[in-house]
Each structure stands twice: as structure tokens, then as C-alpha cells.
Amino acid sequence: MDSSPHAPLAHMDGDQRHWRALVASIFVLCCSGTVFAFGAVGADVKDKLGLSESEKALVGVVGDVGLWLNVLGGLTYDRLGSRRTYAAGGTMVVLGYVGMWLCLSAHATSLAGACVSWFFVGFGSGFLYITSVMTSAKNFGPTRRGAVIGVLNAFFSSSA
């Protein structure tokens, strides 16, 4: 068995694949927790779209609601597996950010557009989060599982 770092994943022993999947999950979570950073960009969103303070808060809350709907990501994971759930989550996050860019670059400035876009960012982030946690929970036994999930949550929450 080839144990070089360039060996295909299928030919690696299970423990190496689990650790590589964990590193990949950490990277994904570092990129997907940005929905928590709305407070840092909210003032710019408010100014660019001419929103009131309560309208700006609505955009941020809608993104949080999208993230809180993780149960749908979990159901998707159970039904379709990790790759398709990652793909769905990544697609939603990209569509959400493209939508926000369109709203903020004066191509389509609207409160509804910003809310829908930020919802997709949060909803997609939830899919990425649940896939990373569930995959790692399955990959690691009970003696490591708690620490692994704790590390994943730390990276997700610090990615804002």
C-alpha cells in the first residue's frame, strides 16, 4: 500500500482518511461561519441599501434563521450523503454572496433581495456545518468524538 501523501484516498487506511477529512472539514468551517460576521458589515449594508436600523437587523436575523434550519441539512445528509450535501451547501453560500454583491453593487438594490441572499448564506452555512460535524462524528470513535466536534465548533464560530 502506497503511504505517500499523494496516494489516492481510496488506498489510504481509514485513520489517515479520517484525519484528512477532519482537516478538510476545518477548512470548510473556517469559510462557512462568515454569517456570524454580519455585525461587522451591517452598517455598510444599511448605507448602501438605504435601510433603516430595523431593516438592517432584519437582514441579519434572516441569515441567522437560515443557519438555524440545520435540520434540513441533516435530513439531506442522511438521504444524499456528505458530498452532495457539501455541494448543496456550497452552492447556496455562493448564490447568497453573489446575490448580496448584486444588491450592494446597485444592480438590484432591495431589502427583499438582501434578505433572500443572506438567508441563502446562512442556510448554506448550516448545510456545510452539519455535514462537517456529522462526517467527523461518524469517522471518530467515542474517545475522540467529543474533542473533534469541539475543535470543529471552535473553528466554525471563530471564522466570523
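In this predicted model, Asn70 is buried, because its relative accessible area is 18% and the cut-off for buried is under 20%. Asn70 belongs to helix H4, which covers residues 70-80. Beyond its neighbours within four places in sequence, Asn70 contacts Gly126, Phe127 and Tyr129. One of these residues, Phe127, is also part of an aromatic cluster. The other members of that cluster are Phe119, Phe120 and Phe123.

The chain as a whole has seven helices and zero strands. Along the sequence, the pattern reads α-α-α-α-α-α-α. The C-alpha trace spans about 60 × 30 × 25 Å along its principal axes. The chain has 160 residues, and 38% of them are buried. Contacts with a separation of 6 or more were also examined. Of these, 74% join residues 24 or more positions apart.

Helix H2 shows how burial is arranged. Its buried residues are Phe38, Gly42, Val45 and Leu49. Viewed down the axis of H2, the buried residues fall within an arc of 75°, so they line one face of the helix. The spacing has a simple background. An α-helix has 3.6 residues a turn, so residues three or four places apart point the same way. The other side of H2 carries exposed residues, namely Ala40, Asp47 and Lys48. The cover over the buried residues of H2 includes helix H3 (53-68), helix H5 (82-104) and H6. Just after H2 comes Gly50, with a positive phi of about 65°.

The packing of H2 on H5 was examined further. The two helices meet at an angle of about 50°, and their axes are 9 Å apart. This angle makes H2 oblique to H5. On the H2 side, the contact uses Val45, Lys48 and Leu49. On the H5 side, it uses Met100, Cys103 and Leu104. By class, the contact has five nonpolar residues, no polar residues and one charged residue. Two of the H2 residues in this contact, Val45 and Leu49, are also among the buried residues of H2. Lys48, in contrast, is exposed, yet it takes part in the contact with H5.

Aromatic rings provide further links. Eight aromatic pairs were found in a search of the whole structure. In one of them, Phe36 and Phe156 sit edge-to-face, with 5.3 Å between centres and 70° between planes. Phe36 lies in the loop between helix H1 (14-32) and helix H2 (38-49), while Phe156 lies in helix H7 (residues 142-158), so the pair ties together parts that are 120 residues apart in sequence. The two partners differ in burial. Phe36 counts as partly exposed, because its relative accessibility is 40%. Phe156 counts as buried, because its relative accessibility is 6%.

A further pair joins Phe38 and Trp118. The ring centres are 5.4 Å apart and the planes lie at 50°, so this pair is tilted. Phe38 is in helix H2 and Trp118 is in helix H6 (residues 111-139), which places the partners 80 residues apart. Both rings belong to buried residues. Phe38 has a relative accessibility of 8% and therefore counts as buried. Trp118 has a relative accessibility of 5% and therefore also counts as buried.

Trp118 is also one of the residues touched by Val35. Val35 lies in the loop between H1 and H2. Although Val35 is in a loop, it is buried, with a relative accessible area of 1%. Residues up to four places away in sequence were not counted among its contacts. Apart from those, Val35 touches Gly63, Leu67, Tyr97, Trp118, Val121, Gly122 and Ser125.

Distance in sequence and distance in space need not agree. Val35 and Val23 are 12 residues apart in sequence, with their C-alpha atoms 21 Å apart in space. Phe27 and Phe155 are 128 residues apart in sequence, with their C-alpha atoms 8.4 Å apart in space. Phe27 is found in helix H1. Phe27 is exposed, because its relative accessible area of 57% lies over the 50% cut-off.

Conventions: Residues are numbered from 1 along each chain as its sequence is written. This is a predicted model: local features need pLDDT of at least 70, side-chain atom pairs count only at pLDDT 80 or more; totals for chains, interfaces and linings use all residues. Side-chain values use heavy atoms; hydrogens and water are left out. Rings of Phe, Tyr and Trp (its six-membered ring) pair if their centres lie within 6.5 Å; planes under 30 degrees apart count as stacked, over 60 as edge-to-face and the rest as tilted. Helices (H or I, at least four residues) and strands (E, at least two) are DSSP runs, numbered from the N terminus. Buried means under 20% relative accessible area, exposed over 50%, partly exposed in between (1.4 Å probe, protein chains only). The arc is that of the directions from the helix axis to the C-beta atoms. Contact means heavy atoms within 4.5 Å. Axes are lines fitted to C-alpha atoms, for helices over the stretch in contact, and angles run from 0 to 180 degrees between N-to-C directions. Angles under 35 degrees count as roughly parallel, over 145 as roughly antiparallel, 65 to 115 as roughly perpendicular and the rest as oblique. Ala, Val, Leu, Ile, Met, Phe, Trp, Tyr, Cys and Pro count as nonpolar, Asp, Glu, Lys and Arg as charged, and the others, Gly among them, as polar.
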